[in-house]
Amino acid sequence: MKRIYYTVLLLIVSFIFFADIMAQEKQTLTGQVITEEGPALGANVTIRGTAIGTITDVNGNYSLQVEAGDTIVISYIGYRSEEVPYTNQEIYNLTLIPDVTELEQVVVVGYGEVKKKDLTGAISVIRGDKLETREAASVQEVLQGQLAGVQVMSRGGQPGAEATILVRGISTINDNNPLYIVDGSPLEDIEFLNPKDIESVQVLKDASASAIYGSKASNGVIIIETKRAKTGAVIINFDASVGQESVSRKPEVADAHEYTRIANLAAENSGQAPIYPDPDIFGAGTDWWDEVMQNGLVQNYNLSLSKGTEDFKVTTGVNYFNQEGILEGGGYERYNFKLNTEFQLTPKIKIGENITIARSTTTNGPNVVWDAQLIEPITSVYRPEYEQEGLNEYSIYSPTTTDVGNPVAQIARNFYTTDYFRVVGNAYLEWDIAAGLKFKSQYNIYLSNWEQNWFGPDYFIEQTDKRDVNSVSRAHNNRINNIWENYLTYHKDLGKHSITALAGMSMESRLHKTLYGEGEDTPNNSSSLRFLSATTGSWQSVTWNGSSVQPSNEESTLLSYFGRLNYSFSGRYILAASLRADGSSKFPENNRWGIFPAVSGAWVISEESFMESQDWLNQLKIRAGWGQVGNQFFEDVNARYSRMGIYYTTMGANQDVVIGAAPSSIGNSLLKWETVEDINLGLDFSALNNKLVYSLDLYQRKSKDMILWTSVPGYMGFGYTQQLTNIGELAAKGYEMMFKYRDAVGEFRYELGFNLSSAKTRIEKLVHGESVTDGNHQRLDMLTTTMEGETAGTFYGYVTDGIFQNLTEINSHSDEQGNLLQAQAEPGDFRFLDINNDGILNDNDKRVIGNPEPDFTYGINGYMSYKGIDLSLLFTGSYGNDVLNAIKPYSATGEGYYNSEKGLLERGWNGENSTNTQPVIKAVDQNQNFRYSDYYIEDGSYIRLKNVQLAYNFPERILAPIKIKKAKIYISAENVYTFTPFSGLDPDMGGRPTVRGIDWGHYPLPKRFTIGLKLTL
């Protein structure tokens, strides 16, 4: 690790002190910079690639020392920058052209492009250069905090872990993943993508913008364009970074001395003898957190080449990413190769392709974050040496006094990897048939080969922690998705009228094949024998992730027709309408087709004649849109029909085996599409030569005919009691705001951005009005309840009302007849409320005690530049969401021999009025103090300094002699610090709609410090 850092530092020092060996005689260049309004006061006149420059005076005049080979850059906020090679002239005057790129920039939408000023839907855009400051493994992570209406929730810092993206919150309690369009290819998986390749990201958020994609767009659409060659010389880019990850927050748990004192106090408060007569002999004990955590190395290397001519353009590149992770035993490695070509076959026909080949390996280390916090600190990592004799290498670890296994032993015997090989891409043909009429045909393919290999060695630590016979397993999961799209686009300008029409069709097929096998008893635990063919024992009938595993093929097809019409009058009144028809094989024939219309419009007020005198205003636009999109992503692709299964049973006195057939699934011939309908109102505003940009969107959405499981009578089949049907409804409303301001003061440039999003959802209808519970917890039972009138996945339990301080308070907690509500309570126990006032404390008194949905999420970003030095910052945050600390039923009770939170000894009730928040520590809890209640619900709000990057751009006078166009060194920090009231390791937790915001031993996001170098040749 040190050797790598020293090498990088040596490179940096070499660049910094590279002598000006090619310095030449300086010349004086003078001139005047003006605009259509007169002299440009404060315009920047610099030498490209250097920190050398000046600013214009009140008359727009400047004077600058230059030399042969320099390129002069003249820039002024609100106007286009100009670059002029110095050719020994003494005077150079320039009239600047207004910069309208903020409004004129092209935005990619469904099957086409549109200028940003002509948008009618809710679309967020970010350019790739704004993402380059991030050092992240995935595209999802890079997008966090960057765009209004896009919420990125971590699934933890485990290497290879995917983040969860929600576009405007949840739209169903099923799959809420957005549709990704990468270089025109519709995808659900983008883990293969290298974030450094991104040119731009567009997010279609409302139905009026995304309905052109029909059934795939119910959760929003994220369009990603990768970098492509431009006409010109060969460009070679190299980017290398090396970083180190470390634990950002260490859990505060009791050491051995405090642990034994807590155990003794719990016993004494329950009338028992102390467990540990002399707690002092244990000292600090074992710090299990330090035993399993490490500083992980992160490496990221990128090399790309591009070349473009009028007829041919090519871009290719390779990427290598490696992440060790902060928890020992885990890691992630990815190789990525991409190739983009485009060839002008004839003046009217163009062909091209985009292809990415990626291979990744995830070493799935066991997540022992929970175990490292709960295992008793009085236990050592290893057995004494005299006990290790005769044991294999996996049996030399100490047994524990609880059901928490030795976490170091778990890591040592972990042999579990996931290999992914993907080929993703498309080939296309574009034909300019006639003036304004174009045809495009594109074939998209997604191939993935997913393989998991697992080996469990035989070992013996104790009777409850052993494996008598080793075993090996392998799982295969292959996907082949093919999409062929063909569409025509026609554009015509007629005076003040502008019309663009699009019509097309799409054909899609999906094939998903799985295979699983497991065998037992290889001759020994050697790595050379960890294969199914080496097993000598019987092959087993097994389960995988809780379900019976059998080889299977799942196949589905989709046929679609789509069209769109855009109309603009004088750039002031803009209308857009689209229609898509999707026919899916997942649905029965009578409900196979879904029709998804959308319409939107915009009024550009700033283009009206009465606004001509407002020269400070660049744009003022009002937008409105309505649309419908569908959803067909549910669990069972064969839900439309019933299936028969083969079953084995025994009968009679001799227990003879009988083979029979019975329905294994109950189909639904009435099943139809989920439909999401929304209304969007928006405002776009920019002023002061586009220094100030602001947008606001208000929306309302309703999901109808949600596909949910409903119970069916038991006589319908053996072991199958559920059927998919269209029952549920979900409503949502929210708002989004984006603000950006940029300016320059002399050579100091800065930009400040802020975005804020709110999405509040409500379940309107469920099957028979019955609640759906989820999140089974060993001590608390089901943690979440999805019910009508609430958001999905709410926390539902008892309500506490302080702690009984004395017997008088216990006796006062009674019904109207004087019957005690908590007859087993003692001073120091929790008081629970009888919500329905029926005199009985039972499940009918449970209420909603927490909501995992935030009131709003936000991102704050800033950028500053001065004389070649760049500084960028990114803050992300969430406010108003609750999280459930699921470890507290073990760590906060003081009983059960699990380790406790640090300081519990002092926080626990120890006499009248000592505390009203933490119950008495005792071994026997007849009051059930730690039943599921609001005691476990905490405020999950946070603000995180997500990223800081400081960079230095080397001046051109240093780089030119060694034939380097650009060079930059930088240091970057990720997840620098998190401000939060949450007592756990990390409040940013994802999950599915019915189970989210729960800390199950969440793998925390690590701090990451990186040093890097970027070169352009």
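Valine 45 has isoleucine 74 in strand S6 as its bridge partner. The model is predicted: local features require pLDDT of at least 70, side-chain atom pairs count only at pLDDT 80 or more, and totals for chains, interfaces and linings use all residues. Numbering starts from 1 along each chain as its sequence is written, and side-chain values use heavy atoms, with hydrogens and water left out.

Strands here are DSSP runs of E with at least two residues, helices are runs of H or I with at least four residues, and both are numbered from the N terminus. Strand S3 (residues 44-47) and strand S6 (residues 71-76) are joined by four bridges. The two run antiparallel. Strands count as paired if DSSP finds at least two bridges between them. S3 and S6 belong to an open sheet of four strands, ordered S4-S3-S6-S7 with antiparallel pairing. The edges are taken by strand S4 (53-55) and strand S7 (79-85). Each has a single partner strand, so one side of each is left without a neighbour in the sheet. On average, neighbouring strands of this sheet are turned by 15° against each other, direction ignored. The axes behind this angle are lines fitted to C-alpha atoms, for helices over the stretch in contact, and angles run from 0 to 180 degrees between N-to-C directions.

A second antiparallel pair is formed by strand S27 (residues 471-494) and strand S28 (residues 497-520), with 24 bridges between them. Within this pair, isoleucine 480 is bridged to leucine 511 of S28. The hairpin of S27 and S28 has two residues between the strands. Glycine 495 in this hairpin takes a positive phi near 65°.

Positive phi also occurs outside glycine. Most residues other than glycine have a negative phi, and most peptide bonds are trans. Asparagine 690 is not a glycine, yet its phi is positive, at about 65°. Asparagine 690 sits in the loop between strand S37 (674-687) and strand S38 (692-711). Its relative accessibility is 2%, so asparagine 690 counts as buried. Buried means under 20% relative accessible area, exposed means over 50%, and partly exposed lies in between, with a 1.4 Å probe and protein chains only. Asparagine 913 likewise has a positive phi of about 65° without being a glycine. Its loop runs between helix H12 (904-907) and strand S50 (937-939). Asparagine 913 is exposed, with a relative accessible area of 64%.

Asparagine 947 lies in strand S51 (residues 942-953). Its relative accessible area is 1%, so asparagine 947 is buried. Contacts are heavy atoms within 4.5 Å. Beyond residues up to four places away in sequence, asparagine 947 touches Thr133, Arg134, Ser872, Leu873, Leu874, Ser972, Ala973 and Glu974. Its C-alpha is 8.7 Å from that of glutamate 135, although the two residues are 812 apart in sequence. The side chains of asparagine 947 and serine 972 share a polar contact of 3.3 Å. A polar contact is a pair of N or O atoms within 3.5 Å; within protein, one must be able to donate a hydrogen and the other to accept it, and residues adjacent in sequence count only if both atoms are side-chain atoms. A polar side-chain atom of asparagine 947 also lies 3.5 Å from the backbone oxygen of alanine 973.

Serine 600 is located in strand S33 (residues 593-604). Serine 600 is buried, at 5% relative accessible area. Its side chain makes a polar contact of 2.6 Å with the side chain of threonine 120. Apart from neighbours within four places in sequence, serine 600 is in contact with Thr120, Ser208, Ile574, Leu575, Ala576, Ala624 and Gly625.
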